[in-house]
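Thank you all for making time this morning. I would like to walk through one chain with you, starting with the overall picture and then moving to a few strands and residues.

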Amino acid sequence: LGTGFLQINTDSGAKIIHKAGFLVQDSVEDCRVLSRSFIAVKKDNLWFLHTLTGRLLEAAGWDDITALGNVIVFKRDNKSYVAPREQLGKCADGIPLRVSEPFDELKPWAHGLLWGKAGDFQGLLNQGLHGVIGFDRHRLTQTSFGALAQKPNGYALYNWNGKRSARFDRV
């Protein structure tokens, strides 16, 4: 799995074992290391997030848990919710997990940016989940220099830092 963890498959299911020899989880369906900071474990068709020492961070199960860089992505009912990696460490201290509002789609873009769609709105976030291009009723297309935003009244160009050009009627 990486970062010192092994998945051992047995007749009774998979086990997650640390290279030091301690058992992290028993009888799991699947597991993966996320952002070299957490272990996602699948049990009873749901994914759960654990620290690297095996401590459960969130009791509620998810349809899937993945990572896009330093952003952890939680999926439930075809919606994606995100949280920065740094925030999840606080869950080990008993602070409840706080995730974003739901996204219909979420995709990685160049420079570690995340393109998101929620309803008719699209925007671009950085790894800290701060807006680079605000969520609006535009259609964003990735380009070599940043993004092309198409709106009903024209087009705008954005660089990778979110700086916007003047509006154009045609591109």
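What you have in front of you is a predicted model, and its secondary structure comes to 1 helix and 16 strands for the protein chain. The chain has 171 residues, of which 38% count as buried, and its C-alpha atoms fill a box of roughly 65 × 30 × 30 Å when this is taken along the principal axes. The accessible surface of the chain comes to about 9600 Å², and carbon and sulfur atoms contribute 49% of that area. If we look at contacts between residues with a separation of 6 or more, those that join residues 24 or more positions apart account for 23%. As for the charges, there are 22 positive and 17 negative ones, and their mean positions are 9 Å apart.

Let me turn to the sheets, beginning at the N-terminal end. As a reminder, strands of a sheet pair through backbone hydrogen bonds, and they do so either parallel or antiparallel. Strands S1, S2 and S3 make up an open sheet of 3 strands, in the order S1-S2-S3 and with antiparallel pairing. Within this sheet S1 and S3 stand at the edges with a single partner strand each, so one side of each is left without a neighbour in the sheet. From one strand to the next, the twist averages 15 degrees.

The pairing can be followed residue by residue. S1, residues 5-10, and S2, residues 13-18, are paired in the antiparallel sense over 6 bridges, and Phe-5 has His-18 in S2 as its bridge partner. These two strands form a hairpin with 2 residues between them. On the other side, S2 is joined by 3 bridges to S3, residues 23-28, again running antiparallel. Here Ile-17 stands opposite Leu-23 in S3, while Ile-16 stands opposite Gln-25 in the same strand, S3. S2 and S3 also form a hairpin, with 4 residues between them, and in that turn Gly-21 has a positive phi of about 110 degrees.

The next sheet I want to show is an open one of 4 strands, with the order S10-S11-S12-S13 and antiparallel pairing. Its edges are held by S10, residues 105-108, and S13, residues 131-136, each with a single partner strand, so one side of each is left without a neighbour in the sheet. Neighbouring strands of this sheet are turned by 15 degrees against each other on average, with direction ignored. One of its pairings is that of S12, residues 121-125, with S13, which is antiparallel over 3 bridges, and in which Leu-124 has Ile-133 of S13 as its bridge partner.

Now to S8 and S9, where burial becomes part of the discussion. S8 and S9 run antiparallel and are joined by 6 bridges, with Phe-74 standing opposite Tyr-81 in S9. They form a hairpin with 2 residues between them, and Asp-77 in the turn has a positive phi of about 55 degrees. How much of strand S9, residues 79-84, is buried? The count is 5 of its 6 residues, so this strand is largely enclosed by the rest of the structure.

Ser-80 is a useful example, since it is found in S9. Its relative accessibility is 6%, and Ser-80 therefore counts as buried, the cut-off being under 20%. Leaving aside residues up to four places away in sequence, Ser-80 touches Val-73, Phe-74 and Lys-75, and also Glu-101, Pro-102, Phe-103 and Leu-106.

I would set beside this a loop residue, Asn-70, which is found between strand S7, residues 64-68, and strand S8, residues 71-76. Is Asn-70 buried, exposed or partly exposed? At 29% relative accessibility it counts as partly exposed, because that class covers values between the 20% limit for buried and the 50% limit for exposed. Asn-70 touches Ser-35, Ala-83, Pro-84, Arg-85 and Gln-127, again not counting residues up to four places away in sequence. Leu-57, by comparison, is 13 residues from Asn-70 in sequence and 17 Å from it in space, taken C-alpha to C-alpha.

That is where I will stop, and I am happy to go back to any of these views.

Methods:
Residues numbered from 1 in each chain as written. Predicted model: local features only at pLDDT ≥ 70, side-chain atom pairs only at ≥ 80, totals over all residues. Heavy atoms only, no water. Pairing = 2+ DSSP bridges. Axes fitted to C-alpha atoms, helices over the stretch in contact; angles between N-to-C directions. Buried < 20%, exposed > 50% of the residue type's maximum accessible area, 1.4 Å probe, protein only. Contact = heavy atoms within 4.5 Å. Areas by Shrake-Rupley, 256 points an atom, 1.4 Å probe, with all protein chains shown as cover. Lys, Arg positive; Asp, Glu negative; His and termini not counted. Charge placed at Lys NZ, Arg CZ, Asp CG, Glu CD.
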